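Reader: I'm new to this one. Can you walk me through it?

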Amino acid sequence: MAVFDTPEEAFGVLRPVCVQLTKTQTVENVEHLQTRLQAVSDSALQELQQYILFPLRFTLKTPGPKRERLIQSVVECLTFVLSSTCVKEQELLQELFSELSACLYSPSSQKPAAVSEELKLAVIQGLSTLMHSAYGDIILTFYEPSILPRLGFAISLLLGLAEQEKSKQIKIAALKCLQVLLLQCDCQDHPRSLDELEQKQLGDLFASFLPGISTALTRVITGDFKQGHSIVVSSLKIFYKTVSFIMADEQLKRISKVQAKPAVEHRVAELMVHREADWVKNTGDKLTILIKKIIDCVSVHPHWKVRLELVELVEDLLLKCSQSLVECAGPLLKALVGLVNDESSEVQAQCNKVLRHFADQRVVVGSKALADILSESLHSLATSLPRLMNSQDDQGKFSTLSLLLGYLKLLGPKINFVLNSLAHLQRLSKALIQVLELDVADIKIVEERRWNSDDLNASPKTSATQPWNHIQRRYFHFFTDERIFMLLRQVCQLLGYYGNLYLLVDHFMELYRQSVVYRKQAAMILNELVTGAAGLEVENLHEKHIKTNPEELREIVTSILEEYTSQENWYLVTYLETEEMGEELMMEHPGLQAITSGEHTCQVTSFLAFSKPSPTICSMNSNIWQICIQLEGIGQFAYALGKDFCLLLMSVLYPVMEKAGDQTLLISQVATSTMMNICHACGYNSLQHLINQNSDYLVNGISLNLRHLSLHPHTPKVLEVMLRNSDANLLPLVADVVQDVLATLDQFYDKRAASFVSVLHALMAALAQWFPDTGNLGHLQEQSLGEEGSHLNQRPATLEKSTTTAEDIEQFLLNYLKEKDVADGNVSDFDNEEEEQSVFPKVDENDTHPDVEPPLPLQIQIAMDVMERCIHLLSDKNLQIRLKGKLEHFLI
Amino acid sequence: MAAPCPPPPPDPQFVLRGTQSPVHALHFWEGAQAQGHPVLFSGSQSGLVHVWSLQTQRAVATLDGHGGQCVTWLQMLPQGHQLLSQGRDLKLCLWDLAEGRNAVVDSVRLESVGFCRSSILAGGQPRWMLAVPGKGGDEVQILEMPSKTSVCALKPKADAKLGMPMCLRLWQADCNPRPLLLAGYEDGSVALWDVSEQKVCSHIACHEEPVMDLDFDSQKARGISGSAGKALAVWSLDGQQALQVRGTHELTNPGIAEITIRPDRKILATAGWDHRIRVFHWRTMQPLAVLAFHSAVQWPSPPMACWPRAPRISGSASGRSTHARDSPTPLPGDKEGGQGGGHRAPALT
């Protein structure tokens with residue numbers, strides 16, 4: 001819309017107005033000029049710049065009192081001209097700069113003149129526009145030592161405005177302007193970057209203002225939260241940009257020892273600062289105080305953008321001034337690490353980005369000083385951790401642990417320096433152990449019994465994606481928040497990932513062995529260490545870190561497993577030894593349960609106290625938990641090792657199976673899910689598959705443990721579980737074990753009959769299932785199954801008056817056995833005289849070809865052996881055994 | 001030093017199941033250097049040779065080459081990857097096991113159906129010597145392998161009446177390159193043959209019953225033999241190559257089926273017809289442990305093999321299972337270990 005394109009035309013139009021203004025300086029005339037100016041093209045305006053500026057500057061310079069309104073309009077007009085033109089002469093720039101800043105000068109006080117807010121705003125904008133309009137190199141020549149006093153005045157003016165003005169608009173404008181003056185403007189007009197020499201010169205110049213700028217800005221930053229976040233954000237930005245520019249390690253290392261003689265007058269030279277070592281040290285100390293203040297205030301600032309800016313501050317300062325501000329590194333890192341788990345996701349993301357950036361740049365790893373600071377912080381945090389865990393609320397604990405986690409993340413591979421110091425390691429491990437202390441008072445754990453044992457077939461509901469993460473909820477002394485536990489797990493995983501695994505495992509194994517008080521926690525930690533070492537769930541900040549090699553990891557896991565499954569750590573008392581009897585008692589007196597479940601305290605000691613001095617509920621609970629943790633650990637190890645875990649199945653599968661058959665509900669559940677984890681890890685698609693494919697390992701465990709039944713009273717259970725979950729292929733492998741079982745049963749009729757009989761029961765059930773009816777034999781089985789059905793229907797009645805009907809059933813069975821033997825053409829040497837009399841003649845009739853009779857199939861041979869035993873049990877004193885014995889016969 | 005109550009003998013470390021038929025021969029092999037996983041070979045009555053990985057404790061391969069006839073002897077050649085197996089089908093097979101192959105590359109026809117197991121003498125060289133029971137019941141045939149050329153037949157003098165050779169041990173003294181053969185005979189005597197001169201250097205009668213097995217420690221020049229009787233005989237060889245009985249060791253139950261000195265020459269294990277493996281300190285002949293796990297013995301030879309490095313003994317008897325177990329490892333001068341027999345060592349070191 002430019003009307004006057006040529007300077008001539010424009011001159012013609014503008015001249016009268018300019019003359020008019022020079023003569024009479026009124027607001028109207030200024031406004032008149034401004035309206036005319038709008039019709040002039042930029043290029044014409046540039047030509048006429050000096051001419052137009054003259055009346056305006058003249059107005060400002062005329063001595064005597066002036067009306068504020070006039071000055072304001074002149075400044076606005078000036079701003080308009082400057083915004084459309086550029087200043088090409090250094091002199092003009094300097095003069096305009098002085099004239100503009102003088103507008104707010106009051107000779108009487110240090111503070112900015114008491115003028116209207118509009119004027120202040122106009123001047124600030126004028127200054128800002130002026131600096132933007134400065135042409136190319138002019139701007140750099142502007143920053144020479146001689147400008148120091150005038151620049152200083154403008155800066156203090158602006159700082160004063162930013163600090164003391166009420167209007168938010170002015171404050172922000174002042175801060176913006178300050179940014180421009182300090183060459184930090186982020187607009188597009190300053191694309192040129194400074195070379196080293198220029199940077200140094202500017203740094204030298206600005207260094208004079210550093211004390212003023214930093215203290216004033218700190219006051220602004222730490223001021224009232226209510227002043228609005230944008231002010232704090234810009235102040236923070238200016239603060240860190242200024243500090244990181246002046247204190248940049250890059251610049252400082254090039255500062256010579258001796259100050260070059262500045263070519264300025266003495267008064268100005270006095271203002272110059274030489275940034276040599278002492279100055280850096282002093283300034284650094286002072287800045288540290290300010291920075292600490294800022295961090296304390298800002299890290300809890302309610303507005304997320306402010307906290308985000310703090311992250312930037314930390315990044316900038318740590319990257320650029322890690323040597324000059326070494327004292328600050330601790331607080332800065334702490335601030336950063338503390339914000340890792342900020343409630344705002346933006347802050348979190350930025351934090352993580354910065355952390356990753358640091359790791360990439362090897363800020364911490366590459367600098368010994370920073371690593372030292374971090375490990376010191378870690379140490380002191382570890383020292384205070386137990387106390388904090390005791391006193392803080394869950395939120396506080398959460399942030400404390402986040403801090404711990406952050407330190408570890410930052411240290412990365414340098415963790416080992418901390419761990420190699422025994423004092424540090426002990427602090428840390430003790431703290432973790434203390435924090436992870438479990439609350440074991442819950443009585444339900446001991447109480448809940450697994451009555452029904454065939455739930456193995458129903459696979460537990462584990463999430464298919466992360467079955468290893470499925471762990472039993474546990475209750476801790478020191479916290480209830482699940483997030484805290486997750487943090488602790490991450491802490492341990494990180495340790496395992498970066499730390500020297502041998503050292504850590506050794507240390508925690510030591511603690512594990514040391515006392516039963518530490519054992520559960522140490523096991524939890526060990527589990528996570530291994531998971532972490534496999535590097536599966538760890539977010540790796542340090543790209544070059546080498547994971548533990550799988551071979552080594554397997555060796556470590558093997559040694560942990562050996563400890564876990566050793567006699568003294570695996571076979572713990574989890575229920576009262578009198579339980580076998582107790583089960584009956586409990587059923588008869590449901591009242592007992594009511595009493596115990598009513599009180600959830602440790603004081604409820606063994607309710608069956610009439611038996612020998614028995615373990616307390618608490619200690620049994622603790623034992624249960626220990627077993628569960630170890631079981632979960634095995635699952636985690638499987639996850640960590642993947643296919644490699646297959647080699648460990650040999651020693652591990654048997655103990656886990658044993659626990660799957662445990663009477664305590666919790667243990668059995670956990671063991672089952674551990675087996676699921678093993679399935680996932682080793683590539684088996686179901687528990688059955690797992691058991692089937694590894695039955696040789698299981699059978700080995702069973703047969704060896706049967707040799708020491710008193711030490712391993714649960715061995716028959718494993719066989720039971722295995723039989724339930726296997727198929728006919730198993731039979732050749734178990735055949736000799738079944739013989740062992742029978743032989744052992746013969747030895748321990750009195751004590752262990754009950755558990756053996758249930759194995760035999762499972763065996764018979766399995767046989768019936770594996771070898772369905774075929775031919776002659778099948779016919780018989782069918783018959784017997786029919787019989788079984790009918791008897792099952794009678795069972796409730798049988799159970800009630802078992803003592804009276806037992807004989808009937810026994811009689812039936814004896815008859816049935818007789819028939820079966822006859823049908824099989826087999827002689828069995830019952831020690832029952834009546835039997836012998838009746839059986840033998842028949843056998844003779846039937847057995848026409850004794851020579852060609854093929855050997856009996858294995859399953860029938862086994863079934864017969866079993867029945868032979870059971871027949872004796874039918875007259876056992878113990879009702880339970882008697883019933884179980886009968887049940888078995890029904891199955892056959 | 002006798003402890004009031006010695007700890008019970010160790011249990012098997014693992015029971016290898018699944019051969020489906022009684023085991024008659026066992027042999028340990030440390031495995032190829034690269035793979036490093038040790039292997040146990042077992043020969044069963046049904047003529048199969050199972051290759052067990054001692055890492056997974058599972059059969060990794062089955063070699064079938066004896067037509068369903070019992071396998072009585074297994075031996076790996078020192079250069080590796082070649083296995084010798086002797087069967088009751090009167091065949092001695094040479095297997096190539098390199099790179100997962102399992103094929104018979106050569107076989108030797110045997111003349112005798114007896115129980116006598118063969119013996120080899122092989123260093124690292126391609127040529128090696130094999131002693132097999134020969135024809136006529138009392139001969140021992142010496143072959144040069146792999147060319148299968150018969151070197152000689154060692155036939156005792158007609159009037160000696162030694163009976164059948166029951167066990168053979170080819171060896172070579174460190175200082176003397178001449179191959180020697182120790183043979184135990186049916187009449188209870190042990191003879192030392194000089195193979196190159198085809199004559200008996202020395203001959204001692206140390207048992208009443210047929211010698212069932214012997215083993216010889218060439219470093220100490222001391223050997224031991226067991227017979228169907230109750231006693232073990234320890235004998236030594238002097239500088240003049242004369243055998244001398246050093247002592248006998250009485251056992252509770254008669255019948256020794258196999259004797260093996262562990263390659264480190266610290267302990268000695270015997271397999272008895274009473275299903276028990278007895279472990280002795282080789283230098284002092286002090287009993288260390290009686291390993292009772294097996295429930296039956298395959299007459300005449302419950303096989304047993306000593307693990308060359310780790311202290312392991314593998315024995316098999318009742319068939320269908322072979323087991324490896326920790327065995328006591330007394331070091332020289334370790335008196336406790338000598339008495340206790342409960343000293344456990346890590347399984348696979």
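Author: Let's start with a term. Helices are DSSP runs of at least four residues, numbered from the N terminus. With that, A:Gln227 can be placed: it lies in the loop between helix H12 (210–221) and H13 of chain A. Keep in mind that this is a predicted model.

Reader: Is A:Gln227 buried or exposed?

Author: A:Gln227 counts as buried, because its relative accessibility is 17% and the cut-off for buried is under 20%.

Reader: What does A:Gln227 touch, leaving out residues up to four places away in sequence?

Author: A:Lys168, A:Lys171, A:Val220, A:Ile221 and A:Val232. With A:Val220 there is a polar approach too. A polar atom of the A:Gln227 side chain lies 2.7 Å from the backbone oxygen of A:Val220.

Reader: On to rings. How many aromatic pairs are there over all chains?

Author: The count is 15. One of them is A:Phe206 with A:Phe245. The centres are 6.2 Å apart, the planes make 55°, and the pair is tilted.

Reader: Which parts does that pair tie together?

Author: A:Phe206 is in helix H11 (residues 196–207) of chain A, and A:Phe245 is in helix H13 (residues 229–246) of chain A, so the pair ties together parts 39 residues apart in sequence. A:Phe206 is also buried, at a relative accessible area of 2%.

Reader: What about B:Trp171 and B:Phe216?

Author: Their ring centres are 4.4 Å apart and their planes meet at 40°, so this pair is tilted. B:Trp171 sits in strand E14 (residues 165–172) of chain B. B:Phe216 sits in strand E18 (residues 211–217) of chain B. The two are 45 residues apart, and the pair links distant parts of the chain.

Reader: And are B:Trp171 and B:Phe216 buried or exposed?

Author: Both are buried.

Reader: Back to chain A. Which residues form an aromatic cluster with A:Phe206?

Author: A:Phe97, A:Phe142, A:Tyr143 and A:Phe245 form one cluster with A:Phe206.

Reader: Which ring does the charged end of B:Arg58 sit over?

Author: The ring of A:Tyr697, 3.9 Å from its centre. Within chain A, A:Arg519 lies over the face of A:Tyr512, 5.6 Å from the ring centre.

Reader: Another arginine: where is A:Arg489?

Author: In helix H25 (residues 482–498) of chain A. A:Arg489 counts as buried, with 4% relative accessibility. Its side chain makes a polar contact of 2.8 Å with the side chain of A:Glu528.

Reader: Now sheets. What is the strand order in the open sheet that has E18?

Author: E18-E19-E20-E21 in chain B, four strands with antiparallel pairing. E18 and strand E21 (243–250) are the edge strands, each pairing on one side only. The twist averages 20° from one strand to the next.

Reader: How many bridges join E20 to E21 there?

Author: Seven, and strand E20 (residues 231–237) of chain B runs antiparallel to E21(B). B:Trp235 stands opposite B:Val245 in E21(B).

Reader: And what is the order in the open sheet that has E22?

Author: E22-E23-E24-E25 in chain B, an open sheet of four strands paired antiparallel. Its edges are strand E22 (256–261) and strand E25 (287–292), each pairing on one side only. Here the twist averages 20° from one strand to the next.

Reader: Which residue in E25(B) is the bridge partner of B:Arg278?

Author: B:Val290. Five bridges join strand E24 (residues 276–281) of chain B to E25(B), and the two run antiparallel.

Conventions:
Residues are numbered from 1 along each chain as its sequence is written. Chains are lettered from A and ligands numbered from 1 in the order in which they are written. This is a predicted model: local features need pLDDT of at least 70, side-chain atom pairs count only at pLDDT 80 or more; totals for chains, interfaces and linings use all residues. Side-chain values use heavy atoms; hydrogens and water are left out. Rings of Phe, Tyr and Trp (its six-membered ring) pair if their centres lie within 6.5 Å; planes under 30 degrees apart count as stacked, over 60 as edge-to-face and the rest as tilted. Buried means under 20% relative accessible area, exposed over 50%, partly exposed in between (1.4 Å probe, protein chains only). A charge sits over a ring if NZ of Lys or CZ of Arg is within 6 Å of the ring centre and within 35 degrees of the ring normal. A polar contact is a pair of N or O atoms within 3.5 Å; within protein, one must be able to donate a hydrogen and the other to accept it, and residues adjacent in sequence count only if both atoms are side-chain atoms. Two strands pair if DSSP finds at least two bridges between them. Axes are lines fitted to C-alpha atoms, for helices over the stretch in contact, and angles run from 0 to 180 degrees between N-to-C directions. Contact means heavy atoms within 4.5 Å.
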